[in-house]
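Colleague: Could you walk me through this model and show how each label is earned?

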Amino acid sequence: QVQLVESGGGLVQAGGSLRLSCAASGRTLSRYAMGWFRQAPGKEREFVAAISWNGGTTYYADSVKGRFTISRDNAKNTVYLQMNSLKPEDTAVYYCASYPYPALQTIVTMRGLREYEYWGQGTQVTVSS
């Protein structure tokens, strides 16, 4: 059984940083691309970032480009999201998700929630102004 478990969320002031982790069990993450999504209250879940199986290709939503960095450590079966210069509008539950293929497709494809096979339970990030 595949499980993805996010951690690292919390409360931070605007301008601060957090690093989210997504640890997998039941699946060797090194074979798959991964994504991060977020969902703010009353809003739809949205794409944040994606990374190919070896970290060679990454995509970001325009809203986080230059502030967030997605990375992975395949030896630890873990994917990370480093979030810097946080803004109140980054407040959301953050989810990691496993894509069924190693390489990234177009960013339009990678934004699609239905493209991903497995999802974590989410971790809350709250940014105060």
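What follows is a friendly exchange about a predicted model.

Colleague: Let's start with the disulfide. What makes Cys 22 and Cys 96 a disulfide?

Modeller: Their sulfur atoms are 2.0 Å apart. The cut-off for a disulfide is 2.5 Å, so this pair qualifies. The structure holds one disulfide. As a reminder, a disulfide is a covalent bond between the sulfur atoms of two cysteines.

Colleague: Why is the disulfide of Cys 22 and Cys 96 called right-handed?

Modeller: The torsion about its S-S bond is about 60°, and that is why the disulfide is described as right-handed.

Colleague: Which parts does the pair of Cys 22 and Cys 96 tie together?

Modeller: Cys 22 belongs to strand β3 (residues 18–25) and Cys 96 to strand β9 (residues 92–98), so the bond links parts that are 74 residues apart in sequence. Both cysteines are buried.

Colleague: Now the sheet. What is the order of the strands in the open sheet of four strands?

Modeller: The order is β1-β3-β8-β7, and the pairing is antiparallel. On average, neighbouring strands in this sheet are turned by 15° against each other, direction ignored.

Colleague: Why do β1 and β7 count as strands at the edges?

Modeller: Each of them has a single partner strand, so one side of β1 (3–7) and one side of β7 are left without a neighbour in the sheet.

Colleague: How do you know that β7 and β8 pair?

Modeller: Two strands need at least two bridges to pair, and β7 and β8 have six, so they pass. Their sense is antiparallel. Across these strands, Ile 70 stands opposite Leu 81 in β8, and Phe 68 stands opposite Met 83 in β8. β3 and β8 also pair in the antiparallel sense, over six bridges. There, Cys 22 of the disulfide faces Val 79 in β8.

Colleague: What makes β8 largely enclosed by the rest of the structure?

Modeller: Five of its six residues are buried, so β8 is largely enclosed.

Colleague: Let's look at the loop between β7 and β8. Why is Asn 77 called buried?

Modeller: Its relative accessibility is 16%, and buried means under 20%, so Asn 77 is buried. This residue sits in the loop between β7 and β8. The hairpin of these strands has four residues between them. Asn 77 has a positive phi of about 55° although it is not a glycine.

Colleague: And Asn 74, why does that residue count as partly exposed?

Modeller: Asn 74 has a relative accessibility of 27%; partly exposed lies between 20% and 50%, so the label fits. Asn 74 is in the loop between β7 (68–73) and β8 (78–83). Its C-alpha atom is separated by 5.2 Å from that of Ser 30, 44 residues apart along the chain. Leaving aside neighbours within four places in sequence, Asn 74 is in contact with Leu 29, Ser 30, Trp 53 and Asn 54. A polar atom of the Asn 74 side chain also lies 3.0 Å from the backbone oxygen of Trp 53.

Colleague: Where is Ser 52, and why is Ser 52 called buried or exposed?

Modeller: Ser 52 is in the loop between β5 (46–51) and β6 (58–60). With a relative accessible area of 3%, set against the cut-off of 20%, Ser 52 is buried. Its side chain reaches the backbone nitrogen of Gly 56 at 3.2 Å. Not counting residues up to four places away in sequence, Ser 52 touches Ala 33, Thr 57, Arg 72, Pro 102 and Leu 104.

Colleague: Last, the aromatic rings. How many aromatic pairs are there?

Modeller: The count comes to six aromatic pairs.

Colleague: Why is the pair of Phe 37 and Tyr 116 called edge-to-face?

Modeller: The ring centres are 5.0 Å apart, within the 6.5 Å limit, and the planes are at 85°, over the 60 degrees required, so the pair is edge-to-face. Phe 37 is in strand β4 (residues 34–39) and Tyr 116 in the loop between α1 (107–110) and β10 (118–119), so the pair ties together parts that are 79 residues apart in sequence. Both residues are buried.

Colleague: Which residues form the aromatic cluster?

Modeller: Phe 37, Phe 47, Tyr 99, Tyr 101, Tyr 116 and Trp 119 form one cluster.

Methods. Residues numbered from 1 in each chain as written. Predicted model: local features only at pLDDT ≥ 70, side-chain atom pairs only at ≥ 80, totals over all residues. Heavy atoms only, no water. Buried < 20%, exposed > 50% of the residue type's maximum accessible area, 1.4 Å probe, protein only. Contact = heavy atoms within 4.5 Å. Polar contact = N/O pair within 3.5 Å; in protein donor to acceptor, adjacent residues only side chain to side chain. Axes fitted to C-alpha atoms, helices over the stretch in contact; angles between N-to-C directions. Phe/Tyr/Trp six-rings, centres within 6.5 Å; stacked < 30°, edge-to-face > 60°.
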